[in-house]
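Please open the structure in a viewer and keep the selection panel at hand. The stops below proceed one at a time, each beginning with something to select.

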Amino acid sequence: MPNPIYLDYAAATPVDGDAIIAARRYATKIFYNPSSAHFLGQKASFAVERAREQCARAIGADNSEIYFTCGGTEAINWAMRCVLSQGTRIAVSAIEHDAVIANAELLSSGGGFVDYIKPNVLGTVTAEALEKSIGTDTSLVCVMAVNNITGAIQPIKELCQAAHKHGALFFTDAVQAINGIKIDVKDWDVDLLAVSGHKFYAPKGVGFLYVKKGVKITPLLYGGEQEHNLRAGTIDVPSVVAMGVAIEKAQANVAKYNEYTAAVVDAFESNLAYGETVRCEKKTADIISRVFYFPNKSIDGGRLAVALSCAGVCCSVGSACSAGSAVPPRTLTEMGVAHPECSVRFSFGKTTTVFQAERAAKIVNRTVRKLIG
Ligand code: PLP
């Protein structure tokens, strides 16, 4: 396929050049096990601690509050499972990623109780909706910081205050938030926060869990004594080094990133002849969901995404993890969007050009015209 256009940055981003340069030394020269007591191992351990400091500083945390994981899904499972063992009632927003929903369903199937908090029609989970959904026995509230289908930014500080008022801990999945919003865990006062490297120009298979000082967690993975005896397994040193560089860059460039991706998305949308973008109260610029509904000729999002892929535009229907599912994205259904089954998600990054966005829009127009005959 000559010159394909990639509009699926919410699924994966390329690794940043500076992050690769920093990581390479730890893959080849300083490849030692950071848990080894000898001085070569300590060189690797020093790099891990520097990366921990970069991750902590980027989100306003202390170094001791950062625990490395092998990505967002592990961080989410860890955050939820260790708290689930402390209570049997949780509240989760109805627009969470599958990793959160699956853990909530696991709790329900084991006899626990889950309250689902609905978003409003503009994709926001409000503090009022949260307060209506929880009780004094709720041990944990989970609301993501940025939605992976619409880019909707959630009012985490207010949601967290509301959860604390009722005595519950607050966990946020910040996997899609690092490029588009400034994170300050102390200002938000969240108890737990999950991050994944491959959404912000770091490698796949690396992430971390932030755990506020004083919040008690138990291990998810048992074995060695890594991460203060709380997360067994040898740390992937090159990947955490890359993540440290990438998160610092991403958080330092949030304003520039939003300005750039907004211009690219504007070039895309203003050249589209069909469909309606799902509107949100407050959102990052880089993710849009668009509904292509035609009353006389129904084309579902899955069919359109396949046709677009054949025409050279790579986008997705819902999240990459649910790409094989015939069910429309939960987020849109819960918001009450009409015809969510006709939606496609386009997501943009710092390497998408205005030229690509305009060309992609023209390919979308041509493909839709073909499908509606
Ligand atoms: N949470 C959100 C909002 C996501 O978009 C994703 C991945 O798409 C995940 C969690 C899972 O992260 P990972 O792929 O690192 O396991």
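Which residue in β12 does R290 stand opposite? The coordinates to be inspected are those of a predicted model.

**First stop: strand β10**

Select R290 together with strand β12, residues 343-347. R290 stands opposite V344 in β12. The two strands β10 and β12 run antiparallel and are joined by five bridges.

Extend the selection to strand β9, residues 276-277, which pairs with β10 in the antiparallel sense over two bridges. Here E276 has V291 of β10 as its bridge partner.

Now show the surroundings of β10, residues 287-291. Five of its five residues are buried, so the strand is largely enclosed by the rest of the structure. I287, S289 and V291 are buried on one side, while I288 and R290 are buried on the other, so that both faces are covered.

**Second stop: the seven-stranded sheet**

Next, display the open sheet of seven strands, whose order is β2-β8-β7-β6-β5-β3-β4 and whose pairing is mixed. At its edges stand β2 and β4 (113-117); each has a single partner strand, so one side of each is left without a neighbour in the sheet. From one strand to the next, the twist averages 20 degrees.

Within this sheet, select β3 (residues 89-93) and β5 (residues 140-142), which run parallel and are joined by three bridges. The bridge partner of A91 in β5 is V141.

Two helices may then be added. Helix α2 packs on the sheet and touches β2, β7 and β8, with its direction at about 115 degrees to that of β2. Helix α6 also packs on the sheet, where it touches β5 and β6 (169-173); its direction makes about 150 degrees with that of β6.

**Third stop: the nonpolar cores**

In soluble globular proteins, nonpolar side chains tend to be buried together. The largest nonpolar core of this model has 58 residues, and those with the most contacts inside it are I59, F68, V141, F170, I183 and L193. Among the elements that give two or more residues to this core are α2 (39-59), β2 (66-69), β7 (192-196) and α9 (237-252). The largest share, eight residues, comes from α2.

Centre the view on I183. Leaving aside residues up to four places away in sequence, I183 touches A58, I59, G60, A174, A177, I178, W188, L193 and Q251. A second, separate core has 27 residues, including A267, Y274, F292 and I363.

**Fourth stop: helices α1 and α9**

Select helix α1 (residues 17-28) and α9, whose axes come within 8 Å and cross at roughly 160 degrees. The two helices are therefore roughly antiparallel to each other. The contact is made by D18, A19, A22, A23, Y26 and A27 of α1, together with V237, P238, V241, A242, V245 and K249 of α9. The crossing of α1 past α9 is right-handed.

**Last stop: two positive phi angles**

Select D189, in the loop between α7 and β7. Its phi is near 70 degrees, a positive value in a residue other than glycine. D189 is partly exposed, with a relative accessible area of 32%.

Finally, select E227 in helix α8 (residues 226-229). E227 is not a glycine, yet it has a positive phi of about 50 degrees. Is E227 buried or exposed? At 6% relative accessibility, E227 counts as buried.

Terms used:
Residues numbered from 1 in each chain as written. Predicted model: local features only at pLDDT ≥ 70, side-chain atom pairs only at ≥ 80, totals over all residues. Heavy atoms only, no water. Core = buried A, V, L, I, M, F, W, Y, C linked by side-chain atoms within 4.5 Å. Buried < 20%, exposed > 50% of the residue type's maximum accessible area, 1.4 Å probe, protein only. Helix = DSSP H or I, 4+ residues; strand = E, 2+ residues; numbered from the N terminus. Contact = heavy atoms within 4.5 Å. Pairing = 2+ DSSP bridges. Axes fitted to C-alpha atoms, helices over the stretch in contact; angles between N-to-C directions. Parallel < 35°, antiparallel > 145°, perpendicular 65-115°, else oblique. Left-handed = near helix turned anticlockwise from the far one by under 90°.
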